[in-house]
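This report walks through a protein model and its bound ligand, beginning in the interior and ending at the ligand.

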Amino acid sequence: MNRIAGKRVLITGASAGIGEACARAFAAQGVHLVLTARREERVRDLAAHLASAHGIEARGERLDVADRAAVFGFVERLEADGLLPDILVNNAGKARGLDKLHEGDVDDWEDMIDTNVKGLLYVSRAVLPHMVARDSGHVINIGSIAGRWVYPKGAVYNSTKFAVWALNEGMNIDLLGTNVRVSSVDPGLVETEFSEVRFHGDTTRAKTVYADTVPLTGDDIADAVLYVANTPEHVDVINLVVMPTAQRHAMLLHREPSSS
Ligand SMILES: NC(=O)c1ccc[n+]([C@@H]2O[C@H](COP(=O)([O-])OP(=O)(O)OC[C@H]3O[C@@H](n4cnc5c(N)ncnc54)[C@H](OP(=O)(O)O)[C@@H]3O)[C@@H](O)[C@H]2O)c1
């Protein structure tokens with residue numbers, strides 16, 4: 001049963017990877033889209049394409065979630081235009097660097113904390129009051145297994161995703177007694193632009209992350225997000241961990257060189 005057709009979703013970080021896959025998946029279910037990311041052309045083009053392919057309303061706009069004033073201004077404009085979302089997918093996020101803490105690049109840390117933690121907070125703080133006022137809405141946070149298990153050289157990224165876990169929990173607690181739901185979808189290894197961003201554009205190194213194994217795709221996570229969004233209003237999926245079959249723990253990834 002499709003319970004989400006005709007609703008509106010706001011997706012952060014919709015220019016690539018999981019966010020882009022979620023945009024395509026929601027559009028195919030007849031959900032109207034507000035797509036955001038810093039690469040404006042990508043989200044504008046994707047919105048235009050999905051609007052014509054699926055007969056939905058879709059807007060693509062530049063939004064840097066780490067820019068507090070821009071986030072609050074953006075949501076004010078959505079309200080003025082009658083485009084407030086029924087579903088918010090807090091997806092924008094990144095890892096930057098893979099270093100021992102005592103050797104880490106502080107600029108990388110700031111980037112991760114500003115995007116993954118403060119960005120998610122700004123967008124949630126701007127959108128949630130409208131959902132509470134309507135007594136309806138669904139926030140879906142893209143967490144990670146990095147928020148469940150710490151791995152070597154990942155401490156700062158891990159900290160940001162542990163924060164997402166805590167914020168997901170905290171929002172749920174604070175929204176008790178309302179019909180506003182909060183869920184996290186927590187992926188294991190997904191092949192996207194994630195590793196290219198982590199390694200500052202080093203595509204050769206990024207490829208090694210996914211070599212000789214079968215990672216998840218953005219579409220696999222979009223499926224999970226759709227499942228969560230489509231549950232009836234009295235159901236609240238709090239955390240949904242989705243791993244590749246070839247991975248059973250952050251530190252346990254099966255690799256098998258292919259014969260071809
Ligand atoms: N890939 C994995 O293995 C994996 C596993 C678990 C969790 N995750 C999480 O999944 C989410 C999506 O990652 P992905 O794998 O799809 O990576 P991706 O392909 O690199 O996509 C990341 C998206 O976030 C956007 N973004 C980055 N900084 C932003 C900012 N300051 N403001 C707005 N948008 C920003 C990017 O768009 P612009 O650059 O255009 O702004 C892009 O659309 C992240 O939260 C990540 O932590 C990924």
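## Core packing and ligand surroundings

In this predicted model, Val225 touches Cys22, Phe26, Val89, Ile140, Ile142 and Val185, when residues up to four places away in sequence are not counted. Val225 also appears in the largest nonpolar core, a set of 36 residues in which Ile11, Phe26, Leu35, Val89, Val185 and Val225 touch the most other members. At least two residues of this core come from each of strand 1 (8-12), helix 1, strand 2 (32-37), helix 2 (40-54), strand 4 (87-90), strand 5 (137-142) and helix 8 (218-230). A second core, separate from this one, has 24 residues, among them Val71, Leu78, Leu83 and Leu128.

Two buried residues with polar or charged side chains deserve a closer description. Arg8, which lies in strand 1, has a relative accessible area of 11% and therefore counts as buried, the limit being under 20%. Leaving aside neighbours within four places in sequence, Arg8 is in contact with Val31, His32, Val34, Glu57, Gly82, Leu83, Leu84, Pro85, Asp86 and Ile87. Between Arg8 and Phe26 the C-alpha to C-alpha distance is 9.1 Å, while the two are 18 residues apart in sequence.

Asn116, located in helix 4 (residues 106-134), is buried with a relative accessible area of 2%. The side chain of Asn116 makes a polar contact of 3.1 Å with the side chain of Thr160. With residues up to four places away in sequence not counted, Asn116 touches Gly93, Lys94, Tyr157, Thr160, Lys161 and Val164.

Tyr157 leads on to the ligand, since this residue is listed with Ser15, Arg38, Arg39 and Thr192 as coming nearest among the 30 residues around the ligand. The table gives three distances to oxygen atoms of the ligand.

| Residue | Protein atom | Distance to a ligand oxygen atom |
|---|---|---|
| Arg38 | side-chain N or O atom | 2.7 Å |
| Tyr157 | polar side-chain atom | 2.7 Å |
| Val190 | backbone N or O atom | 2.9 Å |

Taken alone, the ligand would expose 880 Å², and the protein buries 96% of that area. Helix 1 (17-28), helix 5 (155-174) and helix 6 (194-198) are the elements that give two or more residues to the shell around the ligand. By residue class, this shell divides into 14 nonpolar, 10 polar and six charged residues.

How values were computed:
Residues are numbered from 1 along each chain as its sequence is written. This is a predicted model: local features need pLDDT of at least 70, side-chain atom pairs count only at pLDDT 80 or more; totals for chains, interfaces and linings use all residues. Side-chain values use heavy atoms; hydrogens and water are left out. A residue is near a molecule or strand if one of its heavy atoms lies within 4 Å of it. A polar contact is a pair of N or O atoms within 3.5 Å; within protein, one must be able to donate a hydrogen and the other to accept it, and residues adjacent in sequence count only if both atoms are side-chain atoms. Accessible areas come from the Shrake-Rupley method with a 1.4 Å probe; for residues, only the protein chains shown count as cover. Helices (H or I, at least four residues) and strands (E, at least two) are DSSP runs, numbered from the N terminus. A nonpolar core is a set of buried Ala, Val, Leu, Ile, Met, Phe, Trp, Tyr and Cys residues joined through side-chain atoms within 4.5 Å. Buried means under 20% relative accessible area, exposed over 50%, partly exposed in between (1.4 Å probe, protein chains only). Contact means heavy atoms within 4.5 Å.
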